[in-house]
2 protein chains.
Amino acid sequence: MTAEIINIGDELLIGQVVNTNASWMGAELNKAGIQVKQITSIADDASDIRKALDQAKERVDIILISGGLGPTKDDITKKTLAEYFDSTMVFHEPSLENVKRIFSGLNFEVTEVNRQQAMVPEKCTPLVNRTGTAPGMWFEQEGKVIVSMPGVPLEMKTLTSEEVIPRLQKHFHLDAIVHKTVMTTGMGESFLAEKIKEWEDNLPAHVKLAYLPQPGIVRLRLSAKGTDKKALETELDQLLRGLEQYIPKAIFGYCDCALEEVVGKLLKENGKTVATAESCTGGYISHLITSIAGSSAYFKGGIVSYANEVKMDQLGVLPETLEEHGAVSREVVEQMAAHVRERLQTDFGIAVSGIAGPDGGTEEKPVGTTWIAVACEGEVKAKKFHFGPQRDRNIRRAALAALNLLRLELV
Amino acid sequence: MTAEIINIGDELLIGQVVNTNASWMGAELNKAGIQVKQITSIADDASDIRKALDQAKERVDIILISGGLGPTKDDITKKTLAEYFDSTMVFHEPSLENVKRIFSGLNFEVTEVNRQQAMVPEKCTPLVNRTGTAPGMWFEQEGKVIVSMPGVPLEMKTLTSEEVIPRLQKHFHLDAIVHKTVMTTGMGESFLAEKIKEWEDNLPAHVKLAYLPQPGIVRLRLSAKGTDKKALETELDQLLRGLEQYIPKAIFGYCDCALEEVVGKLLKENGKTVATAESCTGGYISHLITSIAGSSAYFKGGIVSYANEVKMDQLGVLPETLEEHGAVSREVVEQMAAHVRERLQTDFGIAVSGIAGPDGGTEEKPVGTTWIAVACEGEVKAKKFHFGPQRDRNIRRAALAALNLLRLELV
């Protein structure tokens with residue numbers, strides 16, 4: 001069973017709005033075992049809508065349309081669909097009742113424009129939209145199902161979950177598609193590919209592997225399709241268990257999750273607290289940690305020591321250490337990590353000092369050179385990294401590397 | 001001149017990745033005066049890629065493809081394009097040099113997989129990708145231009161801005177389009193629209209105004225199209241000068257620039273330094289400040305005081321103040337700002353304490369309540385804000401509001 005998502009709206013084409021509807025709809029269809037073949041964004045234009053429908057019908061069994069159903073002038077989808085399905089417009093009493101219900105809640109009067117929203121093409125099954133005024137419309141033609149929904153995210157989501165997916169499951173016999181994601185950090189895509197080559201080469205033919213890289217992180221996703229969802233899930237889980245031996249330190253989660261979330265959960269489960277001492281990352285590590293709701297349970301605070309005097313005055317780094325080894329050195333990050341842990345009275349202290357760039361590099365310590373330390377009771381570990389020439393990536397990668405070092409202390 | 005954007009990647013169809021590439025590319029093409037007719041997302045599948053190209057060529061003059069050019073197995077775009085354009089693969093020396101340059105900076109060895117990235121279809125003009133290893137490819141066929149780029153956002157963006165758009169302008173002799181951007185902060189879109197209504201109503205007919213909102217910031221963009229670029233620029237500059245009287249505190253730049261960049265420049269020009277004391281923003285302000293290269297000239301460091309004990313121990317907040325007024329109060333942020341300024345010996349201290357959410361709100365201080373203070377020699381100013389219910393937006397908006405308060409002290 002295949003589907004296409006068509007999102008209608010000029011704002012999508014000029015880049016004023018990021019198409020989050022498409023990714024949400026794609027994920028929902030996928031979860032229901034429906035393979036999305038294409039996502040198409042087009043303008044509020046009758047001719048473009050007709051052409052997109054013609055082409056989509058050639059490709060897929062199911063077409064989900066969002067956008068262009070509001071009460072204002074630029075929304076021409078409904079009129080175009082009525083013409084496309086050679087259908088007169090009829091009045092749909094439950095949809096008018098719905099408009100009245102919503103407007104009475106808002107203390108608004110129902111205008112003629114709103115009343116028009118309860119008009120639907122005769123040949124569709126109207127789907128009452130309990131979170132908005134424009135009904136969804138379900139059409140069937142030549143064995144295909146075409147559903148049109150408003151573009152307002154909440155309305156589209158409610159209609160999809162409560163009406164469209166259950167009706168599709170009933171209407172068609174659906175195969176299961178199973179995906180499993182593994183999060184890795186600290187290895188680039190090609191380096192990772194070489195490390196896991198043997199494992200990848202031994203994957204069964206019906207299992208697909210995808211590399212999904214972002215700075216500092218590569219997500220690996222296994223996918224398989226079949227009738228027995230449970231068996232596929234077990235199979236993918238088993239395959240993934242075989243991966244760990246190839247990259248034991250790089251995997252931080254068997255989920256589609258952030259490293260800061262995983263580290264936060266581990267700290268919470270272990271009843272541990274952490275404090276940060278940041279130079280080149282400039283507060284980005286503490287920002288990542290505190291982006292997670294509830295982080296006050298394990299994060300007490302941190303010191304951003306951008307200037308050397310702050311490293312000395314607030315983090316107890318000895319002037320002679322700075323003099324002898326420089327700010328980007330094992331000795332300095334060890335002192336930073338140990339001191340911030342003591343000063344803020346936490347179980348762990350993490351510290352980073354590096355050359356984020358673009359300036360400040362030397363032959364011995366080029367831009368990207370970064371020292372990271374993790375301190376706990378009676379012990380400080382430090383490690384040197386070489387990231388790249390780009391400032392924003394260096395900051396991101398250094399922060400992820402620091403969080404991963406902390407994670408390895410917690411597992 | 002019309003264009004279609006084709007984004008290749010299974011991850012887009014199953015909704016694992018939101019297609020931010022498409023909106024960015026749409027905005028850039030739009031700015032260059034090229035009308036985007038359709039955005040198409042398809043799978044890493046040779047047959048789907050071929051069909052999408054066939055159909056796009058019927059619709060538009062320019063096709064920009066992103067995705068599917070990495071070094072790993074799931075990337076089949078390059079091979080498919082070579083076949084599509086009936087082209088053998090040839091070795092492109094500058095692209096191999098580029099791979100080597102990038103890998104030597106990273107201290108990585110160039111593997112055979114990476115070496116393969118320098119192979120390109122003979123019939124394309126390769127575009128060297130200075131931020132990544134996979135080259136872009138420019139094809140011409142039957143008067144159409146088809147360009148393929150990697151899907152990694154930074155690489156796609158750099159190639160689009162530096163290579164693709166300038167080449168398209170030259171190739172198609174495009175009309176000049178002039179855009180001028182004004183950055184505003186602290187006002188929502190509709191509030192801003194009311195404030196500047198008179199100015200907007202008086203804009204000449206050939207000048208278009210666009211509101212481009214993001215959390216905490218609204219960009220206003222004026223656009224005009226014509227043959228005399230210089231005259232258009234002068235006209236737009238004059239129109240923009242008339243805007244300031246309506247929103248004197250909200251405008252922070254006449255450029256497409258970040259607030260942290262503007263504040264950094266002002267600090268540098270004035271020879272002033274700053275330190276931060278952050279509670280709910282958790283290091284995000286210092287992260288923003290230090291995301292700017294050269295920020296060590298004016299940023300000494302900061303203290304993230306997530307726990308109340310850190311506010312007391314490291315920022316001299318009096319226990320009785322916390323007791324009497326609570327952590328989210330004028331008195332606490334005033335003490336934080338004044339103390340961090342003294343402690344880190346800077347000209348300015350900025351402090352934030354608020355309820356980021358989702359928990360921690362009360363009837364008196366709901367989620368989103370935030371106090372911000374700016375301290376300088378002999379003076380501390382504090383202001384209360386009400387942001388919204390969403391944690392990530394609250395952090396972002398609080399940080400921007402703090403930077404804007406500092407900016408107003410510097411102009």
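## Exercises on strand pairing and the A–B contact

**Exercise 1.** In this predicted model, how many bridges join β10(A) to strand β11 (residues 217–226) of chain A, and in which sense do the strands run?

*Solution.* Start with the pair itself. Eight bridges link β10(A) and β11(A), and the two strands run antiparallel. Next, fix the register. K208(A) stands opposite S223(A) in β11(A).

**Exercise 2.** Place this pair in its sheet: what is the strand order, and which strands are at the edges?

*Solution.* First, the order. The open sheet has four strands, β10-β11-β9-β12 of chain A, with antiparallel pairing. Second, the edges. β10 and β12 (251–253) of chain A each pair on one side only, as edge strands. Third, the twist. On average, neighbouring strands are turned by 30° against each other, direction ignored.

**Exercise 3.** Which strands does helix α10 (residues 229–241) of chain A lie across?

*Solution.* Helix α10(A) lies across β9 (176–185), β10 and β11 of chain A. Its direction is about 20° to β9(A).

**Exercise 4.** How many residues does each chain give to the contact, and which elements of chain A take part?

*Solution.* Count by chain. Chain A gives 63 residues and chain B gives 61 residues. Now list elements of chain A with two or more residues on this side. Among them are α2 (20–31), β10 (207–214), β14 (299–305) and α16 (391–410). Then sort by class. The side of chain A has 29 nonpolar, 25 polar and nine charged residues.

**Exercise 5.** In which sense do β14(A) and β14(B) pair?

*Solution.* The two strands pair in the antiparallel sense, over five bridges. For the register, take S305(A): its bridge partner in β14(B) is G301(B).

How values were computed: Residues numbered from 1 in each chain as written. Chains lettered and ligands numbered in written order. Predicted model: local features only at pLDDT ≥ 70, side-chain atom pairs only at ≥ 80, totals over all residues. Contact = placed C-beta atoms within 7 Å. Nonpolar A, V, L, I, M, F, W, Y, C, P; charged D, E, K, R; others polar. Pairing = 2+ DSSP bridges. Axes fitted to C-alpha atoms, helices over the stretch in contact; angles between N-to-C directions.
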